[in-house]
Structures are given as structure tokens and as C-alpha cells.
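Student: Please take me on a close look at one part of this structure, and follow it through its neighbours. Explain any term before you lean on it.

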Amino acid sequence: MGGQASSVEGVHVVVVGGGFGGIAACQQLRSGGLNFTLIDMRDAFHHNVAALRASVQPGFAKRTFIPYAETFGDSFVQGRVQRVDIDRQTVVLEGGREIQYSHLILCTGTDGAFPGKFNTVASYQTAVQMYEDFIKQVQAADSVLVVGGGSTGVEMAAEIKTEYPDKKVVLIHSRIALADPELLPSVRQQAKEVLLEKGVELLLGEKVSNLSELQLNVTQRNSVVTTERGTNLTSDLIICCTGLKVNSAAYGSSFPGCLADNGALKVNDHLQVQGFSNVFAVGDCADVNEPKMAYHAGLHAAVAVGNIVNSLSGKELTSYYTGNVTMLLAMGRDDGVGQFNGLKLPRCLVALAKSRDLLLWKSWREMQQQQP
């Protein structure tokens with residue numbers, strides 16, 4: 001695919017955000033011989049699929065961060081994007097640096113609470129240490145309350161109870177059904193069964209009313225948590241797994257007419273941002289009706305880069321089609337639930353495919369580095 005593309009002068013693709021979609025796009029641009037710059041606020045890719053394991057297992061976090069510079073060299077720039085100047089086709093960084101583009105791929109992902117997400121300007125060493133410090137808080141607590149029973153909360157509760165079976169772990173969720181609504185009802189029920197088997201206590205249909213007053217991620221003996229129904233419970237450690245939101249800070253002011261209600265960018269079938277032939281959105285920041293997953297971000301990246309190449313060589317653009325939902329939940333290192341292409345999978349198969357090493361091998365291979 002690179003022959004024709006690499007001969008095109010004046011092509012410089014800027015990729016904003018070095019998550020799963022961003023690194024997939026960069027590797028495809030590189031193999032296609034296209035000039036690119038990757039911008040991210042961190043100095044290392046975060047394999048956040050394994051972030052929850054890194055929150056409970058000492059020494060694991062260093063395997064979840066992979067330095068960008070070793071893979072991309074001078075094509076990587078560390079910085080926070082302030083805005084995009086669409087008239088001058090320039091990305092403006094905090095501090096004033098400007099990087100011009102012929103094509104722009106936005107892969108800014110979603111933001112959420114630590115430890116599930118780590119979207120902070122920080123060095124690789126600082127990031128790893130934050131997870132190691134968090135583990136000490138988990139170890140010091142006799143009881144842990146996980147707030148939010150979406151997929152992240154379910155996995156978090158399972159990881160803690162698997163690693164520390166003697167701790168009291170309670171999961172509170174405002175709805176009755178757990179995990180992602182796009183999952184088959186039987187898979188969501190199975191997630192509940194696994195948690196109960198492990199000894200996690202469930203408080204469903206209840207919402208924490210004093211969350212803003214509580215200190216999160218720090219062990220404080222017998223912190224009092226109140227629900228909107230008036231239930232009181234105490235816990236030593238409170239972990240929030242709610243409130244994921246699209247990370248639109250880098251582009252929100254530049255594409256105001258292209259934003260969906262949640263801050264994602266409206267795109268056409270070719271993943272071009274509405275009204276722009278040379279700007280693409282990939283992953284969680286693309287307004288595509290499907291679960292927000294690393295797997296989908298990689299598929300988006302292939303379509304976006306392929307369409308940049310196609311547009312340069314005058315070929316027809318390809319479209320992105322959503323399929324049946326594939327989603328695997330790691331329920332600790334020894335169990336899992338999920339579905340492939342809309343079909344429920346056996347727990348042992350999910351444990352083998354995902355739960356054991358959380359697909360870390362895939363990211364290290366993608367980044368062409370050796371896992372420590």
C-alpha cells in the first residue's frame with residue numbers, strides 16, 4: 001500500500017492521542033511510508049486493558065506502560081494539544097508549539113477515574129509508581145467499596161477479590177443488571193454469578209449520594225457511605241468506576257458544529273469528521289454506535305489510514321461497518337465472561353484468551369518492543 005503513497009510530497013499526518021487507535025494508526029502509516037507525528041501528553045503508551053490488574057498485583061504496572069520514543073523516535077512529540085487551527089491546518093500545543101498537518105487523525109479516547117484510566121501528564125516512572133502506591137492502599141484496607149457496576153467496576157471488584165480473597169469487597173450499582181448494556185443478558189447474568197461465587201457482596205439498584213464528599217483511593221477506616229435510599233455502609237477504601245467521558249478537550253473548540261451530545265465527533269461512513277475530508281476520528285472519540293473498546297479503535301485506525309492512502313491515490317474510500325458485539329471481561333486472572341460476534345463464550349475460554357495476561361503481548365508486539 002505504501003508504494004504510491006510514499007511518493008506523494010507534502011503529506012504529513014498528525015495523530016492526536018497515543019491510545020490503542022493512535023498506535024495502530026501510526027504503525028500503519030509507517031508501513032505505508034507516510035510521514036507522521038504522534039502527539040500524546042504521556043511519554044508511554046498505557047495498555048489500560050490491564051490497568052485494574054496493575055491496581056492489585058505488585059510489580060505488574062511496569063508491563064502496562066510502553067515508551068513511545070523507543071518505537072516512534074522523532075515522530076513522537078510529548079505535549080498536550082490545546083486546539084486545532086483548522087484554517088491553517090495546524091495543531092497547537094500547550095506552550096505555543098505548532099505542528100502542521102495535511103491530514104489529521106483524532107484518537108483522544110475517553111477519560112475517567114484512576115485506576116481504570118490514567119490520563120495525566122506524567123513520566124513512565126511516575127505512572128508506574130502511582131499504581132504501586134495504590135496497591136499499598138488496597139493492601140491496607142480490610143474492606144473495599146467499588147462504586148459503579150459497569151464493565152470496569154465488575155472487573156475491578158473481581159480483581160481485588162481474586163488477589164485478596166479475605167478482604168470484604170462490596171460493589172454498588174445504580175441499576176439491577178451489571179456490566180455493559182450491549183452484552184447479552186446471559187453474559188451480564190454470568191458476570192453477576194462469578195462475582196457472587198468469588199464472595200463479592202452486591203448492592204444493586206442503589207446510588208451513592210455523598211460521593212463528592214468521600215476521599216477516593218485512600219484507605220480511611222470505616223468511611224461512611226450513604227445511598228439515595230438512605231442505606232448506610234462503611235468501608236476502608238472507596239474506588240470509583242463511574243463517569244467515563246469522551247476526551248474532547250483537544251478538539252472541542254475547533255469543531256463545535258461536529259460534536260455529538262457526549263462530546264464525540266460526528267463522522268461519516270469513512271470515519272471522516274463531518275465536513276472535513278482530511279480529518280478523521282478513531283476510537284472512543286468517534287461517534288459510532290458500538291461499545292467503546294480497544295479492539296474497535298484498531299479497526300477504526302485501519303479504515304482511517306486506508307482512506308488517507310486511497311484519497312492520495314484517487315481510489316474509492318472504504319466504509320466502516322459495525323458488527324455483532326465482541327467483548328471479554330476479565331474476572332480476575334482465573335476467570336472471565338464474554339461473547340464473540342454475539343455468541344456467548346465458555347468462562348474457561350475467556351480466562352485463557354484474556355484474563356491470564358490481558359492481551360499485553362499484543363501491545364508489546366504492536367510497539368515492537370520486548371516485554372520486561
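Tutor: A residue is called buried when its relative accessible area is under 20%, and exposed when that area is over 50%; in between, it is partly exposed. Keep in mind that this is a predicted model.

Start with strand β16, residues 237-240. Leu237 and Ile239 point one way, Ile238 and Cys240 point the other way, and all of these side chains are buried. The general pattern is simple: in a regular strand, side chains alternate between the two faces of the sheet. Here, both directions lead to buried positions.

Now the partner. β16 pairs with β11 in the parallel sense, over four bridges. One point to find on screen is cysteine 240 of β16, the bridge partner of valine 147.

Step back to the whole sheet. It is open and has four strands, in the order β13-β12-β11-β16, with parallel pairing. β13 and β16 stand at the edges with a single partner strand each, so one side of each has no neighbour in the sheet. From one strand to the next, the twist averages 20°.

Cross to the other edge. β13 pairs with strand β12, residues 168-173, again in the parallel sense and over four bridges. There, histidine 173 has leucine 204 of β13 as its bridge partner. A helix also packs on the sheet: α6, residues 151-163, touches β11, β12 and β16. The direction of α6 makes about 175° with that of β12.

Next, leave the sheet through β13. The loop between β13 and β14 holds glutamine 220. Glutamine 220 is partly exposed, at 35% relative accessible area. Outside its neighbours within four places in sequence, glutamine 220 is in contact with Gln215, Ser235 and Asp236. With glutamine 215 the link is a polar contact between side chains, at 3.0 Å. For a sense of scale, glutamine 220 and threonine 242 are 22 residues apart in sequence and 21 Å apart in space, C-alpha to C-alpha.

Arginine 221 lies in that loop too. Side chains of opposite charge can pair when their charged atoms come close. The cut-off used here is 4 Å, from a side-chain nitrogen of Lys or Arg to a carboxyl oxygen of Asp or Glu. Arginine 221 and aspartate 142 meet in such a salt bridge, at 3.3 Å from N to O. Aspartate 142 sits in the loop between α5 (124-140) and β11 (143-147), so the pair ties together parts that are 79 residues apart in sequence. Aspartate 142 is exposed, at 52% relative accessible area. Arginine 221 is partly exposed, at 48%.

After the loop comes β14. Its side chains alternate: Ser223 and Val225 face one way and are buried, while Val224 and Thr226 face the other way and are not. Compare β16, where the residues pointing either way are buried. β14 pairs with strand β15, residues 232-235, and here the sense is antiparallel, over four bridges. Valine 224 stands opposite threonine 234 of β15. The two strands form a hairpin with five residues between them. Glycine 230 sits in that turn and has a positive phi of about 90°.

Finally, follow α6 outward to α9. In α9, Val350, Ala351, Lys354 and Ser355 are buried. They cover an arc of only 105° around the axis, so they lie on the same side of α9. Cys348 and Leu352, on the other side, are exposed. The buried residues of α9 pack against α6, and also against α3 (51-54), β19 and β20.

Salt bridges reach this region as well. Glutamate 197 and arginine 347 meet in one, at 2.9 Å from N to O. Glutamate 197 is in helix α7 (residues 185-198) and arginine 347 in α9 (residues 347-355), so this pair ties together parts that are 150 residues apart in sequence. Glutamate 197 counts as exposed, at 56% relative accessibility. Aspartate 334 and lysine 198 form another salt bridge, at 2.9 Å from N to O. Lysine 198 is in α7 and aspartate 334 in the loop between β19 (327-330) and β20 (336-340), 136 residues apart. By the 4 Å rule, the count comes to 13 salt bridges.

Terms used: Residues numbered from 1 in each chain as written. Predicted model: local features only at pLDDT ≥ 70, side-chain atom pairs only at ≥ 80, totals over all residues. Heavy atoms only, no water. Buried < 20%, exposed > 50% of the residue type's maximum accessible area, 1.4 Å probe, protein only. Pairing = 2+ DSSP bridges. Contact = heavy atoms within 4.5 Å. Polar contact = N/O pair within 3.5 Å; in protein donor to acceptor, adjacent residues only side chain to side chain. Axes fitted to C-alpha atoms, helices over the stretch in contact; angles between N-to-C directions. Arc of directions from axis to C-beta.
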